[in-house]
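Thank you all for making the time this morning. I would like to walk through one structure with you, moving from the packing of its helices to its interior and then to a few single residues.

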Amino acid sequence: MATSGSSPSQASDGPKFSARDFEAGYASASEKIGRFNLAIFGKTGVGKSTLINAIFGESVAQTGVGAPVTQNSQLYLHRSGTLGIYDTRGVEIGVDNATILTDVKRIVEGSRTLPIEQQIHAAWYCVRASDSRFEETEAAFIAELTRLGLPVMLVLTQVGKKGQVFNPDHVQLWEHINGLQLPIFGSGAYPTNALVDPWTKSDVFGLTELLDGTYAAAPEGVAAALDAAQTLEYERKRKRAALQVSGAVSAAAAAGAIPIPFSDAAVLVPIQTSMMGGIAITYGVRPDVSVAASLAATGVASQAGRSAAAGLLKLIPGAGTLIGSTINASVAGAFTYAMGMAWREVCERMARGEFGDSGSLDNDAIKQVFLSEFKMWGLRRLRGQHVAKEPGQPNR
């Protein structure tokens, strides 16, 4: 197994893609996707880190949230590039409220004229259910955050639940908080448990509801970044990737490229590599891993490309009599679609660790999966079967 190999551009009938092309595509897609920034508050020990890890992945715990945006800022960037966490490290809710609010106000007000990826998009205020109390200073803190224009979600953490029965003491706190009519986003507090408790046997629950609420609270312009940052729901990632493929297909078809997969036509290279970069980012695949896997995948597909193109063209009724530009648009779109859907499958399996760790990817397995998916989706596209198969794909 290896993470790199000869460039597919060396094949006589292959694409003129290179590592530099894929790096440029990844960078272009990253700029378009942007970043989702979440502010998270709560007293020490309420389980903020556990909650973040459960929704945004264990890598947050392993590597830390990252470096601060500025020297004195509490906004930390995760290395994925799609997630920023505002965390009150070293300061305590209830003791340092004024200090925290001053810093939050500075960031919120100072970023209002900046690009959306530099703003704070939503806030979680966490209360541990077993503490059995919610103080007036906490209510006042939430009110101040709301006045700054932040949508604040109140999250009850470590809520006990066996089967369908909640811990009655935790329910009492939950009902008390909801009765305060706080200026929070949604219809009330979000009860959650992010980790199975071996003592109480409490199951994990409430995370999907919290994530759904976060999508609703955040501005629409950061949905793609939130899709990429969260690791809880892969279906959201699949739908986002399908939309990315759809956009690339439209661009490729409009370009009128020649009917050969992975064409060396310069106009297709940025379209297809940006598509692949966007899908990789959506699945949290690092740039270096994405480039190595991209080269392996497209290299083997291009070697089979000419024979596959000939086979696919036979499925188009009357293809031999159509004007060349019409065939070109259809086939360019079909191959871009097949390429994107095959790459989506590879990225999802990489994200799940099915091809090994990032330091020793199984390139042979990547090639096999990509080529198999590439042929299948190409046939489905030209037969018109993709519409019923893929959510997020517009009718064509």
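Let me begin with helix 1 and helix 10, which are oblique to each other, because their angle is about 60°, and the axes of this pair, helix 1 covering residues 19–33 and helix 10 covering residues 268–282, lie 7 Å apart. I should say at once that this is a predicted model, so please hear every value that follows as one computed from it. The crossing of helix 1 and helix 10 is right-handed. On the side of helix 1, the contact is made by D21, F22, G25, Y26, S28, A29, S30, K32 and I33, and on the side of helix 10 it is made by V269, T273, S274, M276, G277, G278, A280, I281 and T282. If we sort the residues of this contact by class, we have eight nonpolar, eight polar and two charged.

Helix 10 has a second partner, so let us stay with it for a moment, and that partner is helix 9, residues 234–255. What is the angle at which the axes of helix 9 and helix 10 cross? The answer is roughly 175°, with the axes coming within 9 Å, and that makes helix 9 roughly antiparallel to helix 10, since an angle over 145 degrees falls in that class. Helix 9 contributes K237, R240, A241, Q244, V245, A248, A251 and A252, while helix 10 contributes L268, I271, M275, G278, I279 and T282. The residues of this contact of helix 9 with helix 10 divide into nine nonpolar, three polar and two charged.

The third pair is helix 2, residues 48–56, with helix 7, residues 207–217. Their axes are 11 Å apart and the angle is about 80°, which makes helix 2 roughly perpendicular to helix 7. Here L51, A54 and I55 in helix 2 meet L207, L210 and L211 in helix 7, and by class the contact has six nonpolar, no polar and no charged residues. Helix 2 itself is mostly covered, with seven of its nine residues buried, namely K48, L51, I52, N53, A54, I55 and F56. After helix 2 comes G57, with a positive phi near 100°.

That brings me to the interior. Which residues have the most contacts inside the largest nonpolar core? They are F36, F56, W124, W343 and M350, in a core of 75 residues. Helix 13, residues 324–351, gives the most to this core, with eleven residues. Apart from it lies another core, of 33 residues, and among them are Y86, I100, L150 and I184. Returning to F36, and leaving aside residues up to four places away in sequence, we find that F36 touches F56, T82, L83, G84, H121, T214, A218, V222, A225 and L226.

Now for three single residues. A342 has its place in helix 13, and with a relative accessible area of 0% A342 is buried. A342 and L371 are 29 residues apart in sequence, yet 7.4 Å apart in space, C-alpha to C-alpha. Not counting residues up to four places away in sequence, A342 touches F370, E373, F374 and W377.

V127 lies in strand 5, residues 122–128, and is buried, with a relative accessible area of 3%. With the same exclusion of residues up to four places away in sequence, V127 touches R133, F134, E138, L154, V155, L156, T157 and L173. For V127 and E138, eleven residues apart in sequence, the C-alpha to C-alpha separation is 9.3 Å.

Is D169, in helix 6, residues 168–179, buried or exposed? D169 is partly exposed, because its relative accessible area of 48% lies between the 20% and 50% limits. From D169 to D131 is 38 residues in sequence and 9.7 Å in space, C-alpha to C-alpha.

Let me close with the chain as a whole, which has 15 helices and nine strands. Of its 396 residues, 51% are buried, and residues 24 or more positions apart account for 72% of the contacts with a separation of 6 or more.

How values were computed:
Residues are numbered from 1 along each chain as its sequence is written. This is a predicted model: local features need pLDDT of at least 70, side-chain atom pairs count only at pLDDT 80 or more; totals for chains, interfaces and linings use all residues. Side-chain values use heavy atoms; hydrogens and water are left out. A nonpolar core is a set of buried Ala, Val, Leu, Ile, Met, Phe, Trp, Tyr and Cys residues joined through side-chain atoms within 4.5 Å. Buried means under 20% relative accessible area, exposed over 50%, partly exposed in between (1.4 Å probe, protein chains only). Helices (H or I, at least four residues) and strands (E, at least two) are DSSP runs, numbered from the N terminus. Contact means heavy atoms within 4.5 Å. Axes are lines fitted to C-alpha atoms, for helices over the stretch in contact, and angles run from 0 to 180 degrees between N-to-C directions. Angles under 35 degrees count as roughly parallel, over 145 as roughly antiparallel, 65 to 115 as roughly perpendicular and the rest as oblique. A crossing is left-handed if the near helix is turned anticlockwise from the far one by less than a right angle, and right-handed if clockwise. Ala, Val, Leu, Ile, Met, Phe, Trp, Tyr, Cys and Pro count as nonpolar, Asp, Glu, Lys and Arg as charged, and the others, Gly among them, as polar.
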